[in-house]
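User: I would like to go through this model by way of its side chains and its open space. Please reason from the geometry in each reply.

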Amino acid sequence: MPRTGRPRAFNRDEAVLAAMFLFWEHGFESTSLAQLRAAMGHISAASFYAAFESKEALFRETVERYKATYGRVMESFHDQRLAPKAAIEQGLRRSARMQTEGSHPLGCLVVLSGISCSPENQHIQEMLAKEREKNRDGIKDCIERAVANGELPDTVDVPMLVSLFNTFLLGISTQARDGIPFEQIDAAITQLMSIWDALSRKNG
């Protein structure tokens, strides 16, 4: 009679990574407990709750994992060692490349995983909106630094410019999901940054 092997040990880090990919691909509400348990090696419901307490707690942990890994491509928005234009351009280009890579779900988890939630999960949408606001604030800081150091004129419409770059950033997710290749998005970023150059020349 063949011997059965010992069950594979539960690896929490691998489980969180698997859950992150599911939430990234399907969103918070559309990802079921059955899918999560299956991705973790078909663990029991009891084991799932013992490890993560709840689906929401696991989701919050995966958001933190995403920010510490794939989401780091946007750290340049907050890096004051970089020139303001370089900080924004680097964040956009790195984000576009990451979101169009085929080694993980396309787009951005923070943008796509909670776009539509039922009323009882409205707080999930609000949590993700606060995360997105951090990038918007980083872009705003870059533009305000550029005005302060004379790179951009003090007459520039800062809220408009913030919305311009942030709207493009958020739109990368849907473009990536629709299969638009990195090269096209990257070329669009070049055109977008020419607006900065035009404003800068006006100040010259």
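Analyst: Rings of Phe, Tyr and Trp, the last by its six-membered ring, count as a pair if their centres lie within 6.5 Å. The model discussed here is a predicted one.

User: How many aromatic pairs does a search of the whole structure find?

Analyst: The search covers the whole structure and applies the ring-centre criterion just given. On that basis, the number of aromatic pairs is 11.

User: Which class does the pair of Trp24 and Tyr70 belong to?

Analyst: Trp24 lies in helix 1 (residues 12–26) and Tyr70 in the loop between helix 4 and helix 5 (84–100), so that the pair links distant parts of the chain, 46 residues apart. With a relative accessible area of 0% Trp24 is buried, whereas Tyr70, at 23%, is partly exposed. The ring centres are 5.1 Å apart and the planes stand at 65°, and because planes over 60 degrees apart fall in that class, the pair is edge-to-face.

User: Which residues form one aromatic cluster with Trp24 and Tyr70?

Analyst: The cluster joins Trp24 and Tyr70 with a Phe and a further Tyr. Those residues are Phe21 and Tyr66.

User: Which ring does Arg97 lie over?

Analyst: A charge over a ring is found for Lys55, whose charged end sits 4.7 Å from the centre of the ring of Phe28. For Arg97, the distance to the ring centre is 4.0 Å, and the ring whose face is covered is that of Phe182.

User: How many disulfides does the structure hold?

Analyst: A disulfide needs two cysteine sulfur atoms within 2.5 Å, but the sulfur of Cys117, a residue that counts as buried at 13% relative accessibility, is 15 Å from the closest cysteine sulfur, in Cys108, which is too far for a bond. Cys142 is in no disulfide either, with the nearest cysteine sulfur, that of Cys108, 17 Å away; Cys142 is buried, at a relative accessible area of 0%. The number of disulfides in the structure is zero.

User: What space lies in the largest pocket, and which residues are closest to its centre?

Analyst: The largest pocket holds about 300 Å³ of space. Helix 4 (55–68), helix 6 (109–112), helix 7 (122–148) and helix 8 (158–177) each give at least two residues to its lining, which by class has seven nonpolar, six polar and six charged residues. Of the 19 residues that line the largest pocket, those closest to its centre are Lys67, Gly71, Met74, Glu131 and Asn135.

Conventions:
Residues are numbered from 1 along each chain as its sequence is written. This is a predicted model: local features need pLDDT of at least 70, side-chain atom pairs count only at pLDDT 80 or more; totals for chains, interfaces and linings use all residues. Side-chain values use heavy atoms; hydrogens and water are left out. Buried means under 20% relative accessible area, exposed over 50%, partly exposed in between (1.4 Å probe, protein chains only). On a 1 Å grid over the protein atoms alone, a cavity is a set of points where a 1.4 Å probe fits but cannot get out, and a pocket is an open set with protein on both sides within 12 Å along at least five of seven lines; lining residues have an atom within 4 Å of a point. Grid points are joined across faces, edges and corners, and a volume is the space filled by probe spheres set on the points. Helices (H or I, at least four residues) and strands (E, at least two) are DSSP runs, numbered from the N terminus. Ala, Val, Leu, Ile, Met, Phe, Trp, Tyr, Cys and Pro count as nonpolar, Asp, Glu, Lys and Arg as charged, and the others, Gly among them, as polar. Rings of Phe, Tyr and Trp (its six-membered ring) pair if their centres lie within 6.5 Å; planes under 30 degrees apart count as stacked, over 60 as edge-to-face and the rest as tilted. A charge sits over a ring if NZ of Lys or CZ of Arg is within 6 Å of the ring centre and within 35 degrees of the ring normal.
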